[in-house]
Amino acid sequence: MEEYFHYFLKYKLKIFDAKRQGLDKSAEYTDECERLKHCLHAKDGMSVNKVRVLTYKVRQDEGLSYAFKVMKEVYDNLQTGADWNDVCSCIKDPRFSCRVEHDMSSLLTEERMELDKIHGSGFSEPFVSPVGVNILLKSDDENCSVELLGNADDAILVSLWNEHHSEDLYSWSEADLQEFFRTNRKKYLWELPHYKGGVIHCKNKKAARKIKKKLKKLPMDCWEGKLSELKEKDVTYDAMVETGFFQIGENVYVDKLVFKCGDYKPKENYPYAFVLGKCLDYMPDSYSDVYDVLVQDYIQKHEELYFENLEREFRVEKYIDVLKTVNSDGSN
């Protein structure tokens, strides 16, 4: 219930903010309203069917686990009775999208198969199609008409608000991320030690000394290319390189050579292994070490501050005690 209230409040704030900015007087708003009216009233007795296709896009060479995780959260929220628009508006990942289909023949084969399983209005479980992981939301004739007529104005305003603010609200610079990391550094402590560097497999200890001398002053992402270049002139530099961030327990070579635990079997053609880099223990060395999670945290904080400011501007009053008395199972 509290989560749904959070979605509802943001939705309403976007509507008020859109009106304050005059988006309800824009040509985009007028055109979209007219298009919806035409769909409903262009022909007497016309039935309106539509399907929303929520999609988390995945490239052909990628796994599906993260996409399924995102869409499972969407599915769980829909099952609680949350409005689809509120749920979707909280997902800022550019790979997530929602499209509306009125022509069922334009659906993919996988989408049509899942649509046939939905009786009346409702939604599907997450499923895979060639474009990614999807959820279908189906509106029957009656519900669709009521929804379009009753909620279209607000929905259009929220959509326009999202379009106009996506770049400002959900963008960042590298300087923004660096400053955010500096002021929130302790938040990004790791639970286990990490090693930033690489494991290099070569022929013998003598080769290791020569390789280390050539690589130690170069960035990690240059090591493999440099070794390939050196190998063409001298086979002493024939070696394999594994670089990245290694948490204890993730790489047997790092565990043995850095964290002094476990054991490993030497590579068949490269019997000598050594490490090059540094142990970070529990604290990231740079904002780039936690880049993905830092971006999400920055966007979330930026968004929170924006909507907190809107609450103050519109003098929003929240009666939390009253909210707690609401029976969320729908019986009151």
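Is Lys226 buried, partly exposed or exposed? Keep that one in mind while we take a walk through the model, which is a predicted one.

Let's start with the whole protein. There are 332 residues here, and 37% of them are buried. The chain folds into twelve helices and eight strands. If you look at contacts between residues at least 6 apart in sequence, 73% of them join residues at least 24 apart. As for the outside, the protein exposes about 20300 Å², with carbon and sulfur atoms supplying 50% of that area.

Now for some charges. Side chains of opposite charge can pair when their charged atoms come close. In this structure, a full search turns up 21 salt bridges. One of them lies in helix H9, which covers residues 223–233. There, the side chains of Glu229 and Lys226 meet, with 3.7 Å from N to O. These two sit three residues apart, about one turn of the helix. Back to our opening puzzle: Lys226 counts as partly exposed because its relative accessibility is 25%, and the buried label needs a value under 20%. Its partner Glu229 is also partly exposed, at 40%. Elsewhere, salt bridges that share partners tie Lys196, Lys278, Asp285 and Asp289 into one network.

Other pairs come in other settings. Lys25 and Asp24 form a salt bridge at 3.3 Å, N to O, and Lys25 is exposed, with a relative accessibility of 68%. Then there is Glu101, whose side chain meets that of Arg99 at 2.8 Å, N to O. Glu101 is buried, at just 14% relative accessibility, while Arg99 is partly exposed, at 28%.

Next, find the positive patch on the surface. Lys212, Lys213, Lys214, Lys216, Lys217 and Lys233 form it. Which helix gives the most to this patch? That would be H8, residues 205–215, with three residues. Lys212 is found in H8. Why can Lys212 be part of a patch? Patch residues need over 30% relative accessible area and no salt bridge, and Lys212 meets the area cut-off because its value is 36%.

Finally, step back to the loop between strand S6 (194–202) and H8, where you'll find Asn204. This residue is partly exposed, with a relative accessible area of 37%. Follow the chain on to Thr236 and you have gone 32 residues along the sequence, yet the two C-alpha atoms are 9.1 Å apart in space.

Notes: Residues are numbered from 1 along each chain as its sequence is written. This is a predicted model: local features need pLDDT of at least 70, side-chain atom pairs count only at pLDDT 80 or more; totals for chains, interfaces and linings use all residues. Side-chain values use heavy atoms; hydrogens and water are left out. Patches are made of residues with over 30% relative accessible area and no salt bridge: like charges are joined within 9 Å, nonpolar side chains (Val, Leu, Ile, Met, Phe, Trp, Tyr) within 5 Å. Accessible areas come from the Shrake-Rupley method with a 1.4 Å probe; for residues, only the protein chains shown count as cover. A salt bridge is a side-chain nitrogen of Lys or Arg within 4 Å of a carboxyl oxygen of Asp or Glu. Lys and Arg count as positive and Asp and Glu as negative; His and the chain ends are not counted. The place of a charge is taken as NZ of Lys, CZ of Arg, CG of Asp or CD of Glu. Helices (H or I, at least four residues) and strands (E, at least two) are DSSP runs, numbered from the N terminus. Buried means under 20% relative accessible area, exposed over 50%, partly exposed in between (1.4 Å probe, protein chains only). Contact means heavy atoms within 4.5 Å.
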